[in-house]
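Hi there,

I'm passing a structure on to you, as promised. Please open it first, and then read my notes alongside it.

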Amino acid sequence: MKHNKGFTVVELLIATTVFSVVLLVISSGLIYIGKVYYKTTAQSKVQDATRAIVDEISQNLQFTNGDLTILPNRICVGDTGYKFASVPSAQVLGSTHALQRVSSCTGAPIDGKELVPQGMYLYGLSITEPVSGQGIYKVMVHLVSLPEGEPLFGGELFSGGSCKAVPGSEYCASVKLETTVISRL
């Protein structure tokens, strides 16, 4: 008897199919891991930026003896002012002066530092004193990060203060941080 060495066409087709399925499963897993990585990275960056803004405003509120002035597009805490663009006018990604530290309520920028990092929007900012005269304040900051070219309003990824669950949403991150601050002076 003669023994043939090698594989038949059917065996090769089966092996190729099994290999293709395994490769497809591995590729899908890697793509999913990549999306999760981008989503958590974007969320972490927005969270860090939001926390930094809330910390700065909160620290100023703690040491100002309740000197809070709220004007249109400007909030003054003691000797430090925060000038911000209203949300509709700040909808161009990368726009400057979304939230800027100024020397006083009417002054020029202290150091020219934009508090909202490049690629993020200031979606909301408020400082309220629930009970007047008690030195207790509520600070809220809401930042949003979207891919370049994606508008804040009427876009595919962001609506109503949160990111939509649609393709491309791994690049969208929205963080709203609220805290209560007690004046120490």
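Below is what I found, going from the whole chain down to single residues.

Before anything else, please keep in mind that this is a predicted model.

**The chain as a whole**

The protein chain has one helix and ten strands. Read from the N terminus, the order of elements is α-β-β-β-β-β-β-β-β-β-β. The chain has 185 residues, of which 34% count as buried. Its exposed surface comes to about 11,400 Å², and carbon and sulfur atoms supply 59% of that. For contacts between residues at least 6 apart in sequence, 55% join residues at least 24 apart.

**The cores**

Which residues have the most contacts inside the largest nonpolar core? They are Leu-99, Leu-122 and Leu-143, in a core of 26 residues. At least two residues of this core come from each of helix H1 (9-62), strand S2 (74-77), strand S3 (80-84), strand S6 (120-128), strand S7 (136-145) and S10. H1 gives the most, with seven residues. Another core lies apart from this one; it has seven residues, including Tyr-121, Val-144, Leu-152 and Phe-158.

**The sheet of S6, S7 and S10**

These three strands form an open sheet in the order S6-S7-S10, with antiparallel pairing. S6 and S10 are at the edges and have a single partner strand each, so one side of each is left without a neighbour in the sheet. From one strand to the next, the twist averages 10°. Ten bridges hold the antiparallel pairing of S7 and S10, and Val-139 stands opposite Thr-179 in S10. H1 lies across S6, S7 and S10, and runs at about 20° to S10.

Met-140 is a good residue to click on here. It sits in strand S7. Is Met-140 buried or exposed? Its relative accessibility is 15%, and because the cut-off for buried is under 20%, Met-140 counts as buried. Leaving out residues up to four places away in sequence, Met-140 touches Gly-124, Leu-125, Ser-126, Lys-176, Leu-177 and Glu-178. As for Leu-125, it is 15 residues from Met-140 in sequence, while the C-alpha atoms of the two are 5.6 Å apart in space.

**Ser-174 in S10**

Ser-174 belongs to strand S10, which covers residues 173-182. With a relative accessibility of 18%, Ser-174 counts as buried. What does the side chain of Ser-174 make a polar contact with? The partner is the side chain of His-142, at 2.7 Å. Beyond its neighbours within four places in sequence, Ser-174 is in contact with Gln-43, His-142, Leu-143, Val-144, Phe-158, Gly-161, Ser-162 and Cys-163. Two of these names will be familiar from the cores: Leu-143 is listed for the largest one, and Val-144 belongs to the core of seven residues.

**Strands S3 and S4**

S3 and S4 run antiparallel and are joined by four bridges. Phe-84 stands opposite Leu-99 in S4. In a regular strand, side chains alternate between the two faces of the sheet. In strand S4 (residues 99-102), Leu-99 and Arg-101 point one way, Gln-100 and Val-102 point the other way, and all are buried. Setting aside neighbours within four places in sequence, Leu-99 has contacts with Ile-53, Tyr-82, Lys-83, Phe-84, Lys-113, Glu-114, Leu-115, Val-116, Leu-122 and Leu-125.

**A glycine in a loop**

Lastly, where is Gly-119 found? It is in the loop between strand S5 (109-114) and S6. Gly-119 has a relative accessible area of 18% and is buried. Gly-119 and Val-144 are 25 residues apart in sequence, and their C-alpha atoms are 8.7 Å apart in space.

If you would like a place to start, try Ser-174 and His-142, whose side chains make the 2.7 Å polar contact.

Best wishes, and happy browsing!

Conventions. Residues numbered from 1 in each chain as written. Predicted model: local features only at pLDDT ≥ 70, side-chain atom pairs only at ≥ 80, totals over all residues. Heavy atoms only, no water. Buried < 20%, exposed > 50% of the residue type's maximum accessible area, 1.4 Å probe, protein only. Polar contact = N/O pair within 3.5 Å; in protein donor to acceptor, adjacent residues only side chain to side chain. Contact = heavy atoms within 4.5 Å. Areas by Shrake-Rupley, 256 points an atom, 1.4 Å probe, with all protein chains shown as cover. Core = buried A, V, L, I, M, F, W, Y, C linked by side-chain atoms within 4.5 Å. Pairing = 2+ DSSP bridges. Axes fitted to C-alpha atoms, helices over the stretch in contact; angles between N-to-C directions.
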